[in-house]
Amino acid sequence: LLFICPYSFICLYLYSSSNNLHKKDSNRMLFPRKIVFLEELLKRIPLYITLKEPTIMMEKTLVILKPCTLQRGLVGEITNRFERKGLRLAGMKMVQLTDEVLSEHYAHLSAKPFFQRVKDSMMACPVIVCCFEGVDAIEAVRALTGPTNGRKAAPGTIRGDYSMSFQENIVHASDSPEAAEVELKRFFKPEEIFDYKQATFDFLYANDEY
Ligand code: ADP
């Protein structure tokens with residue numbers, strides 16, 4: 001920014017010229033003072049970048065417990081897998097999905113031969129929509145969920161432990177920050193997402209991790 005915005009550069013120069021930076025060098029000529037100032041400036045840029053670097057993100061993501069999960073009586077067990085991981089449940093409700101909502105939600109599959117079959121499966125009975133929150137939650141939830149085909153998912157993942165199917169694969173989970181934002185808005189009103197602090201929070205993360 002300092003290099004992009006000449007105005008900030010001039011302001012910083014004037015500020016620097018008037019403060020203690022050059023007290024010891026007050027008898028220097030103008031040119032050496034400029035060099036001292038530039039040296040100081042260059043030393044501070046990495047510090048500024050380090051302080052501003054947004055490496056760690058507290059995120060919210062959408063999880064849907066699919067009809068197969070309700071039919072098999074696994075709602076408590078699957079919810080528990082996310083809770084045990086350390087994700088905070090920020091929202092949860094039961095909804096009957098419609099063809100209209102699913103056509104939007106699964107728009108990326110609209111050209112697939114199984115599109116209608118997947119939508120029908122998602123409408124077989126109500127689902128549970130959940131919002132889970134945590135540091136890097138979107139990636140962590142996807143890793144815990146496992147790949148789409150339950151038969152190929154590794155043991156230890158939710159799909160790997162509970163599914164033998166490509167379609168009946170227990171959960172839906174948002175696959176990117178962009179998708180999570182759109183999908184949470186699709187299924188939750190703002191007042192249905194709760195920002196409370198869990199008692200366990202200070203024991204889930206080190207204080208430089210959030
Ligand atoms: P994911 O749910 O892993 O993000 P997709 O977004 O590609 O996967 O697909 C959405 C859902 O459509 C899957 O969870 C699954 O239920 C179904 N599906 C995807 N591919 C197939 C397939 N080849 N056969 C049957 N069902 C599928």
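**View 1. The ligand and the largest pocket.** In this predicted model, the ligand takes up the space of the largest pocket. That pocket holds about 510 Å³ of space. Its lining is made up of 24 residues, and those closest to the pocket centre are Tyr106, His108, Leu109, Thr148 and Asn169.

**View 2. Which elements line the largest pocket?** Two or more lining residues come from each of helix H5 (99-105), helix H6 (115-122), strand E4 (171-173) and helix H9 (177-187). If you are tracing the wall by eye, H9 is a good place to begin: H9 gives the largest share of the lining, with four residues. Sorted by class, the lining has nine nonpolar, eight charged and seven polar residues.

**View 3. The shell around the ligand.** Here we move in to the 13 residues that surround the ligand. The closest of them are Lys66, His108, Thr148, Gln167 and Asn169. By class, this shell divides into four charged, four polar and five nonpolar residues.

**View 4. Polar contacts with ligand oxygen atoms.** Which side chains place a polar atom by an oxygen atom of the ligand? His108 has a polar side-chain atom 2.8 Å from a ligand oxygen, and Arg142 has a polar side-chain atom 3.0 Å from a ligand oxygen. Gln167 takes part through its backbone instead, with an N or O atom 2.9 Å from an oxygen atom of the ligand. As for cover, the ligand on its own has 530 Å² of accessible area, and the protein covers 84% of that area. His108 is a handy landmark for linking the views, as His108 is listed among the residues closest to the ligand and also among those closest to the centre of the largest pocket.

Notes. Residues are numbered from 1 along each chain as its sequence is written. This is a predicted model: local features need pLDDT of at least 70, side-chain atom pairs count only at pLDDT 80 or more; totals for chains, interfaces and linings use all residues. Side-chain values use heavy atoms; hydrogens and water are left out. A residue is near a molecule or strand if one of its heavy atoms lies within 4 Å of it. A polar contact is a pair of N or O atoms within 3.5 Å; within protein, one must be able to donate a hydrogen and the other to accept it, and residues adjacent in sequence count only if both atoms are side-chain atoms. Accessible areas come from the Shrake-Rupley method with a 1.4 Å probe; for residues, only the protein chains shown count as cover. On a 1 Å grid over the protein atoms alone, a cavity is a set of points where a 1.4 Å probe fits but cannot get out, and a pocket is an open set with protein on both sides within 12 Å along at least five of seven lines; lining residues have an atom within 4 Å of a point. A molecule sits in a cavity or pocket if more than half of its atoms lie within 2 Å of its grid points. Ala, Val, Leu, Ile, Met, Phe, Trp, Tyr, Cys and Pro count as nonpolar, Asp, Glu, Lys and Arg as charged, and the others, Gly among them, as polar. Grid points are joined across faces, edges and corners, and a volume is the space filled by probe spheres set on the points.
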